[in-house]
Amino acid sequence: MQDKLSHYLNESPTVFFILKKENKSWELEYVTSNVVNLYGYSAEDFLLKKIKHEDFIFTEDLHTFRSEIRQVSKVIKNEYIYNPYRLVKNNQIIWVNHILKIIHDENGNVSHYYGYLNDITESQKIKKELEQHLNIINNNVLITISNQDGFIIDVSDAYCKLTQFTKNELIGKKHSIFRHSSMDDTFFKELWETILNGKIWKGEYKNIKKDGTEFWVENSITPNFDEYKNITGFTSVYNDITDKKKISEISITDFLTELYNRRHFNTIFDLEFKRAKRDRKNFILLILDIDFFKQYNDTYGHDGGDIVLRKISDIIKATLKRPNDYLFRLGGEEFGIITSDIEYIGVVRLCNRLLSSVMDLKIKHRASLINDFVTISIGAQIVKTSSDINENLVFKFADNALYEAKKQGRNRAIIKE
């Protein structure tokens, strides 16, 4: 039995050794013959004290190793595990794992040490490569990891850099810390329904940085599972698409007023009309026109007309408060507003606020036939959930209402249902 055990020990990749105390110092009593594979020297060379273990320890690791030796005598447990360190064999670096077992006699005094040495060079190489890869990811990939309740438990340095928050400021917080006011609850409700069902969610949305700056992300959220297929959290990988969105925004933005242009009006009109129908909410289109604008240009010049267009754009934008209110410059002095989920009385109040806000600017207009100041006229069409009116007719009906408002004397709103 002892011969078999000895054979197995000597043939294994693990070097086994025993130390005993002699004359107040610890001497090598036994070492397996496979020690030659680790050091290039035989067991006999070690036992005859021709060489010793410390002769092979890499110079930079020797001080730490000796410090740990002094710690061994203070260990209460029966085992001490050294931090991995390096040996030098034929000018080559070898990483070893060193475990020491502590044997006590019947009086509780340490009588022997026996231990194991393993060559872990390959695993250290893999570990180093993994650390390098993780470091590259941490510094370059936008990632957050959250628990099942949505609280952030880890975040990459790259995402911290993008958002201007430190890691400590984000750990324990929810992603709502980045939420832009324009993003409605419905969007995030659908997101959560998807990932809580164990599915991957992908989408784009607008966020805000610590300083309030807007940024856009393309986000992929993957649920994380335990061995029982329970969701333990979520990994979010982002792509900063702010520049892409800026380029896209230029193509849908009116240069003069910085409002959405007619091209984007057509897109939003189609989307919002279908969404209102799906959600069974009223759909509202308002068309606004500056009264006697041609006469204003003739009197004050086109530069003056451009200033008026910008001022009215700004005041209308400031008057619209809700995230699902969309404002467009349709062309010339004509503007469009798309909104939803407002009853008739609410549309009346909105139109009155718009009329008053423009009047309150008190922009002089001596060529106007109805007022000393610039005014607007509004045509509004409300499409109720029960209505069978199609989207092709909505604009026509709103435009007819605007024509009626002008016919009745301008500086007023006509609202149709």
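Helix α11 (residues 293-319) packs against helix α12 (residues 344-360) at an angle of about 140°, and their axes lie 10 Å apart. Helices here are DSSP runs of H or I with at least four residues, strands are runs of E with at least two, and both are numbered from the N terminus. Axes are lines fitted to C-alpha atoms, for helices over the stretch in contact, and angles run from 0 to 180 degrees between N-to-C directions. That angle makes α11 oblique to α12; the cut-offs are under 35 degrees for roughly parallel, over 145 for roughly antiparallel and 65 to 115 for roughly perpendicular, with the rest oblique. The crossing of α11 and α12 is right-handed, meaning that the near helix is turned clockwise from the far one by less than a right angle (anticlockwise would be left-handed).

On the α11 side, the contact (heavy atoms within 4.5 Å) is made by Ile312, Ile315, Ile316 and Thr319, and on the α12 side by Arg353, Leu354, Ser357 and Val358. Sorted by class, that contact of α11 with α12 comes to five nonpolar, two polar and one charged residues. Nonpolar covers Ala, Val, Leu, Ile, Met, Phe, Trp, Tyr, Cys and Pro, charged covers Asp, Glu, Lys and Arg, and the others, Gly among them, are polar.

All of this comes from a predicted model, in which local features need pLDDT of at least 70 and side-chain atom pairs count only at pLDDT 80 or more, while totals for chains, interfaces and linings use all residues. Residues are numbered from 1 along each chain as its sequence is written, and side-chain values use heavy atoms, leaving out hydrogens and water.

A second helix pair is α10 (residues 262-279) with α13 (residues 391-407), whose axes come within 11 Å and cross at roughly 120°. So α10, too, is oblique to its partner, α13, and the crossing is right-handed. Here Arg262, Phe265, Phe269, Asp270, Phe273 and Lys274 of α10 meet Glu391, Val394 and Phe395 of α13. By class, this contact holds five nonpolar, no polar and four charged residues.

Then there is the sheet: five strands, open, in the order β8-β7-β11-β10-β9, with antiparallel pairing (a pair takes at least two DSSP bridges). β8 (152-155) and β9 (201-208) sit at the edges with a single partner strand each, so one side of each has no neighbour in the sheet. Direction ignored, neighbouring strands are turned by 30° against each other on average. β9 runs antiparallel to β10 (residues 214-225), joined by eight bridges, and Trp201 stands opposite Ile221 in β10. Helix α8 (residues 185-196) packs on the sheet and touches β9, β10 and β11 (231-240), its direction making about 140° with that of β9.
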